[in-house]
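Welcome! Take a pencil, look at the picture and the sequence, and try each exercise before you read its solution.

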Amino acid sequence: MTRVLLPALLALAALPAAAQEAATGLTFGGEVKLEYVDGGPTGWALDGDLGMTWRSGGMLGFDAAVDSTHLDDGQDLTNGWAALVLSTGIGEIAVGAPRPVLETMRVMPRFSSSRVVDLRAGTFTGSLASLASFEDNGMTPGVTWQQTTGNLTFGAGYHHLNDANIDVGEGVMRFERGATTFFITGQFATTPGDDPSIMQIGAFHDADRFDLGAALSRYDMSGTHNGLRLYGSFDVMSALTLRGDMLLLEDTSDLYSVSATYSMDNGLFVEGGGTKLEGADEIYDIGVGFKF
């Protein structure tokens with residue numbers, strides 16, 4: 001697999017930066033990464049997160065995205081999103097299979113340098129709609145709404161998974177003041193079993209050479225639990241970033257992660273790190289990718 005994928009990454013790196021905007025109103029971007037994980041889920045993984053948007057300048061637009069992780073044991077976790085976007089006086093309304101607003105309006109970075117580890121922590125750090133959609137066949141229908149007023153942005157969404165009979169509602173409020181973003185999110189799901197819900201409040205500060213973030217969460221899943229996530233990163237130099245992440249969970253094991261990323265001007269990057277779950281062995285990861 002690596003003999004095929006690594007040349008593909010190098011070919012992507014040769015794309016000009018102008019390719020991110022192919023025509024008026026059309027933009028696209030994302031990243032692909034090949035990583036190796038040792039410990040816990042050991043093996044190779046190919047990750048991709050690609051998106052495209054088009055705005056006509058009038059009422060009509062279109063969004064599409066693919067979020068995928070392929071493991072070398074044959075497991076394929078892929079979400080496809082595509083929606084018609086209506087730009088109205090009350091904000092943008094996306095109809096079809098739109099990406100959840102907890103993803104499009106994400107403030108805190110993903111957990112650790114490994115996409116595989118981030119997926120395992122996704123119940124506590126990500127979108128319930130995205131996680132549930134991995135188990136659904138085809139695209140997940142829904143509708144989302146997003147509106148910005150000054151420094152304040154609101155978002156809400158609803159998704160229905162036919163095969164699993166799951167409904168997920170979510171809401172986001174984000175306030176930006178200088179380099180600091182404050183946010184509140186809520187997720188509510190109805191399933192054939194439990195009906196989980198997650199509330200989160202936090203802040204993220206993006207400075208020139210360092211980032212700091214904290215989020216307090218309340219989980220109602222087979223009981224009520226509280227959680228605290230702490231994040232920090234520091235640019236040792238323009239190309240090298242060190243980062244640390246902690247996920248402290250009530251009545252369960254805490255999760256710790258440290259990692260480093262070396263980025264090049266052409267979009268290529270190399271990163272790796274280690275993650276420790278209390279009471280379990282360490283998980284190490286290393287990967288190479290391309291961001292555009």
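Here are some exercises with worked solutions, going from the whole chain to single residues.

This is a predicted model, in which local features need pLDDT of at least 70, side-chain atom pairs count only at pLDDT 80 or more, and totals for chains, interfaces and linings use all residues. Residues are numbered from 1 along each chain as its sequence is written, and side-chain values use heavy atoms, with hydrogens and water left out.

**Exercise 1. The whole chain**

Task: Describe the secondary structure and the overall dimensions of the chain.

Solution:
- Step 1. Start with the elements: the chain has five helices and 16 strands. Both are DSSP runs numbered from the N terminus, helices being H or I with at least four residues and strands being E with at least two.
- Step 2. Now compare with the globule rule. The radius of gyration is 19 Å, close to the 19 Å that the rule gives for 292 residues, so the chain is as compact as a globular protein of that length. This radius is taken over C-alpha atoms, and the rule is 2.2 Å times the number of residues to the power 0.38.
- Step 3. Add the extent: along its principal axes, the C-alpha trace spans about 50 × 45 × 45 Å.

**Exercise 2. Inside and outside**

Task: Find out what share of the residues is buried, and what supplies the exposed area.

Solution:
- Step 1. Of the 292 residues, 40% count as buried. Buried means under 20% relative accessible area, exposed over 50%, and partly exposed in between, with a 1.4 Å probe and protein chains only.
- Step 2. The chain exposes about 14400 Å², and carbon and sulfur atoms supply 61% of that area. The areas come from the Shrake-Rupley method with a 1.4 Å probe; for residues, only the protein chains shown count as cover.

**Exercise 3. How far to trust the model**

Task: Locate a stretch where pLDDT stays under 50.

Solution:
- Step 1. Recall that pLDDT is the predictor's confidence in each residue, from 0 to 100. The chain averages 90, and 91% of the residues score at least 70.
- Step 2. Look at residues 2-19: pLDDT stays under 50 there, and the model has 20 contacts beyond four places in sequence for this stretch. A contact means heavy atoms within 4.5 Å.
- Step 3. Where pLDDT is low, the predicted coordinates should not be read in detail.

**Exercise 4. Two strand residues**

Task: T185 and M52 both sit in strands; is each one buried or partly exposed?

Solution:
- Step 1. T185 lies in strand β9, residues 180-190. At 10% relative accessibility, T185 counts as buried.
- Step 2. Beyond four places in sequence, T185 contacts L102, G171, V172, I198, M199 and Q200. The C-alpha atoms of T185 and I201, 16 residues apart along the chain, are separated by 6.5 Å.
- Step 3. M52 is in strand β2, residues 43-55. With a relative accessible area of 32%, M52 is partly exposed.
- Step 4. The contacts of M52, leaving aside neighbours within four places, are L26, T27, F28, F62, D63 and A64.

**Exercise 5. Two loop residues**

Task: Which residues do R209 and N151 touch, beyond four places in sequence?

Solution:
- Step 1. R209 is in the loop between β10 (197-206) and β11 (210-220), and its relative accessible area of 43% makes R209 partly exposed.
- Step 2. R209 touches S233, F234, D235, V236 and M237. Between the C-alpha atoms of R209 and V236 there are 7.9 Å, although 27 residues separate them along the chain.
- Step 3. N151 is in the loop between β6 (142-149) and β7; at 44%, N151 is partly exposed.
- Step 4. N151 touches R174, F175 and E176.

**Exercise 6. Positive phi**

Task: What is the phi of S112, and what is the phi of N165?

Solution:
- Step 1. Most residues other than glycine have a negative phi.
- Step 2. S112 has a positive phi, near 70°. S112 is in the loop between α2 (101-104) and α3 (115-120), and is buried at 6% relative accessibility.
- Step 3. N165 has a positive phi too, near 55°. N165 lies in the loop between β7 (152-161) and β8 (166-177), and is partly exposed at 47%.
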